[in-house]
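Me: Please pick one part of this structure and look at it closely. Then show me what surrounds that part and how the rest is laid out.

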Amino acid sequence: MIDFTRRKVLGVAAGTMASAIGAVQLAEPAAADDAADLDLFVRLSAALTGIDALQLAPLRDPLQIKRVYFKQAKSDPAFESLMQIVRANPDDPAGAAGKIMNDPDPKIKYLGRSIILAWYLGAWYQPTVLAQTPPPSSVVPLKIISPTAYTQAWAWRVAQAHPMGYSELRFGYWSDEPLPIDDFVKLKGA
Amino acid sequence: MRAEKTDEFDALIVGSGVSGVLIAKKLGQANKRVLILEAGQDLPPDINEYMNRFLTATAKVPESPYPPELFHGGKLTDPATVNAGRPTVLSLGAKGGPGDWQDPKQSYLIQDGPLAFGSTYERVNGGAARHWLGTSLRFLPADFEMKSRYGRFTDWPIKYGDLESWYGEAEKEIGVAGDAQEQTNHLGISFSSPYPMPKIPLSRVDKAVDAAMSGLQVGGVGLDELQWRVSSTPAARNSQPYQDRRVCAGNTNCIPICPIQAKYDPSVTLAEALRTGNVQVRYRCAASAVEVDETGRVSGIDYIQFDGDNGPVIRRGRLTAKVYILAGNAIETPRLLLMSKSERTPDGVANRRGHDGVIGKFLMDHPLYLAWALAPRPVWGYRGPLSTAGIEVCRDGEFRRDRGAFRIEIGNEGWNFPIGDPDTTTVDLVNGLNNSQLNKDNKALFGPALVKELNDKLSRQFRLGFLIEQSPDDSNTVSLSATAKDRLGLPRPRISYNLSDYTKRGLAAAKTTATAIFDAMNADQFTSAPPVDDPSSFPWPSGQMTRLKYYGAGHIVGTHRMGSAAAASAVNDMQQSWDHQNLFLVGSGTFPTVGTANPTLTIAALCLRTADHILHRVLN
């Protein structure tokens, strides 16, 4: 009775989103010499998050959330060091991700974690806060990166759900089982 | 102060919440001239302004979408700098920490304790019902008769039968989706008219809880013989198009804001009231005093009009009408009455000079016990309205002689309420922490392993909320702070609040029941004990080290109670002041006892009844 299609569930209909959110925040176009880094950043993000790069940054990508996270990550002092690892492994983002997540330099490791959390939660958790010891009982983000970042956050899709306050489904959908996890999240390399 | 020429108004209403707007609409439709004073501001032209405030709020609390700003310079806004302030759950923190519940620079309410009052409200078009859930249960017949049935507290001056038809009217006015036959079958209450919309379907979480009901046994709390069952919750949430509003799309965000207005809020009724052409509303006008003349009738209301949440005063004036209706809420209405001290009313208006005034006394809530667990298999929370069903069959019984009753609300939002998920668990799994208790090995995951682990945990989360019937205690009070003021110079509300042993026993019974339900479901419980410095917690059993935590339910009740005689109440069953015949105090402040049903539907029913009384007995 309920019209589920994958396109509806995954919901990347830009027009709907723009009208629902009001102010879609598009980052300014990346400079030419950033383009290659941006591409590497997306591939690294896929390896870090476990989510296929074409889901993080679809070929037709009206929201361009990758640019927003790229710009956010780039503002971190350890970003250049992190990107050097990625550039050194251009055809092996999974290997680069493994190196970053095990990097002896905490600035690089925790920046990697901040990038994962940006994709999952649409929020910027400062690497310095993630690195605190002992860890705080409540880890608070610096900010929600943008309204669009919140509505594009992947943790909700990993839960086979939708961001609270941002359903694109129809009345009564909650009474049925959701589509399988594979229909929400394409695993990286799966 | 000279009164403005407003003699043309039949009624002056303070507050544009659900009480005020329902009465305004009914009077306006009968060609009575009505003026509403609202201390807060009008809605923005586009709901996206509120949505964007919500979306970008790092702490998504009931108050997040709405003005005035909760934060200033990285700290909670000092309420002394705000013209019309409001409480927030962010200022329920431990003493000395962020959001210190007793720091007047962080908390609008001046909380004397010994325990914290946890419920909040809004001062904006629509009032507290801007961030309500939509639950629209009727009170049970026994809820009106606690004294005669169980020897506890007091009876209402009306019974269920007096209100039954008004419940039906209220369900149409606010648009309730529900199943009357199911309510009758499960609770034994009568309905003379069906709900205007069919019920909201149950969620997967509801069905998982329901599947365990047949095998459930709860011992020792007076529920041994109960036939347990899950009931769909009647809610003011569209299951089909209604009042030109859309059908619910399951945004899982009723609190704090429905992005598509599928949930009723008072601006719906206010718009209808304004369309009559007989109703006006003035925003950013805070009522500051109620004046009484030598005959004992209210003769005017003083107000302060201001510019912006933190801007200057524009005007001070006095407004007059034939009838005055205070429809603030059970904190702001007694505050206004107590601010209205004069030679004629030395203890405040409607507070019975020379008698035991009750204004501000008997403050109640539904202290909420929260319990959370992982189901053995996915139940897929974070989907659907925040709650679609509950357990209602435990709301009444002989046990009410001994302890507070409760209803059980089944949550559809995973562990969002208990621990702020999905954020907390996601951060745990990425950063090797265990604040969620779901990452005991402190794994720091990435890649596909992260997706799999997070999916497994989030899809099995669910929670239960127990709304406890609180005893009416005259020591739980709203009074005026002697020192703390808002930016208009008006004294801020001072709250003295505690839970009686009757209420605490209700919370303890909730804990027992939660554990039994989780056991019957083979679910792993993760409910955590509160820290010792949590002001919303207490040791239980008394004198032991173990503690129980409660939350505010957002149900502010009881501070200008109704009664059958003037001696022990502020208003009669028409919510009309005993002391001042042209003054009505409306809303959940008039409830003598709180029952277990969320109060809004009963507020609406009482106010429709009061509007009818005003039209036919007072203004005719």
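Reply: **A buried leucine and its chain**

B:Leu137 is buried, as 28 other C-beta atoms lie within 10 Å. (Buried takes 20 or more other C-beta atoms within 10 Å of a residue's own, exposed 12 or fewer, partly exposed anything in between; C-beta atoms are placed from the backbone.) This is a predicted model: local features need pLDDT of at least 70, side-chain atom pairs pLDDT 80 or more, while totals for chains, interfaces and linings use all residues. Residues are numbered from 1 along each chain as its sequence is written, and chains are lettered from A, ligands numbered from 1, in the order in which they are written.

Where does B:Leu137 lie? B:Leu137 sits in the loop between β5 (110–114) and α3 (146–150) of chain B. (Helices, H or I with at least four residues, and strands, E with at least two, are DSSP runs numbered from the N terminus.) Set aside neighbours within four places in sequence. B:Leu137 is then in contact with B:Pro234, B:Ala597, B:Asn598 and B:Leu601. (Contact puts two C-beta atoms, placed from the backbone, within 7 Å.) B:Arg229 is 92 residues away from B:Leu137 along the chain, and 16 Å separate their C-alpha atoms.

Now step back to the whole chain. Of the 620 residues in chain B, 60% are buried. Take contacts between residues at least 6 apart in sequence: in chain B, 71% of them join residues at least 24 apart. Chain B has 13 helices and 21 strands. Its radius of gyration is 23 Å, close to the 25 Å from the globule rule for 620 residues, so chain B is as compact as a globular protein of that length. (The radius is taken over C-alpha atoms; the rule is 2.2 Å times the number of residues to the power 0.38.) Along the principal axes, the C-alpha atoms of chain B fill a box of roughly 75 × 55 × 55 Å.

Chain B has a parallel sheet. It is open, with 5 strands in the order β7-β2-β1-β11-β21 (chain B). (Two strands pair if DSSP finds at least two bridges between them.) The edges are β7 (279–282) and β21 of chain B, and each pairs on one side only. Neighbouring strands here are turned by 15° against each other on average, direction ignored. (Axes are lines fitted to C-alpha atoms, for helices over the stretch in contact; angles run from 0 to 180 degrees between N-to-C directions.)

Look at one edge. β2(B) and β7(B) run parallel and are joined by 4 bridges. B:Leu35 stands opposite B:Gln280 in β7(B). Side chains alternate along β7(B): B:Val279 and B:Val281 point to one face and are buried. B:Gln280 and B:Arg282 point to the other face and are not buried.

At the other edge, β11(B) pairs with β21(B) in the parallel sense over 3 bridges. Here B:Ile325 stands opposite B:Phe584 in β21(B). Helix α1 (residues 18–29) of chain B lies across β1, β2 (34–37), β7 and β11 of chain B. It runs at about 165° to β2(B).

Chain B also has an antiparallel sheet. This open sheet holds 3 strands in the order β8-β9-β10 (chain B). Its edges are β8 and β10 (313–319) of chain B, each paired on one side only. On average, neighbouring strands of this sheet are turned by 15° against each other, direction ignored. Strand β9 (residues 298–306) of chain B pairs with β10(B) in the antiparallel sense over 6 bridges. B:Tyr303 stands opposite B:Gly317 in β10(B).

Why is helix α8 (residues 332–339) of chain B largely enclosed by the rest of the structure? Because 7 of its 8 residues are buried. They are B:Glu332, B:Thr333, B:Pro334, B:Arg335, B:Leu336, B:Leu337 and B:Leu338. The cover over the buried residues of α8(B) includes strands from both sheets, among them β1 (11–14), β8 (285–292), β11 (323–326) and β21 (583–585) of chain B. It also includes β16 (477–485) and β17 (491–497) of chain B.

Last comes the partner. Between the two chains, 44 residues of chain B are in contact with 53 residues of chain A. On the chain B side, α2 (48–56), α10 (423–431) and α11 (448–460) each supply at least two residues. The largest share, 7 residues, comes from α11(B). Chain A itself has 12 helices and 2 strands. Of its 190 residues, 46% count as buried.
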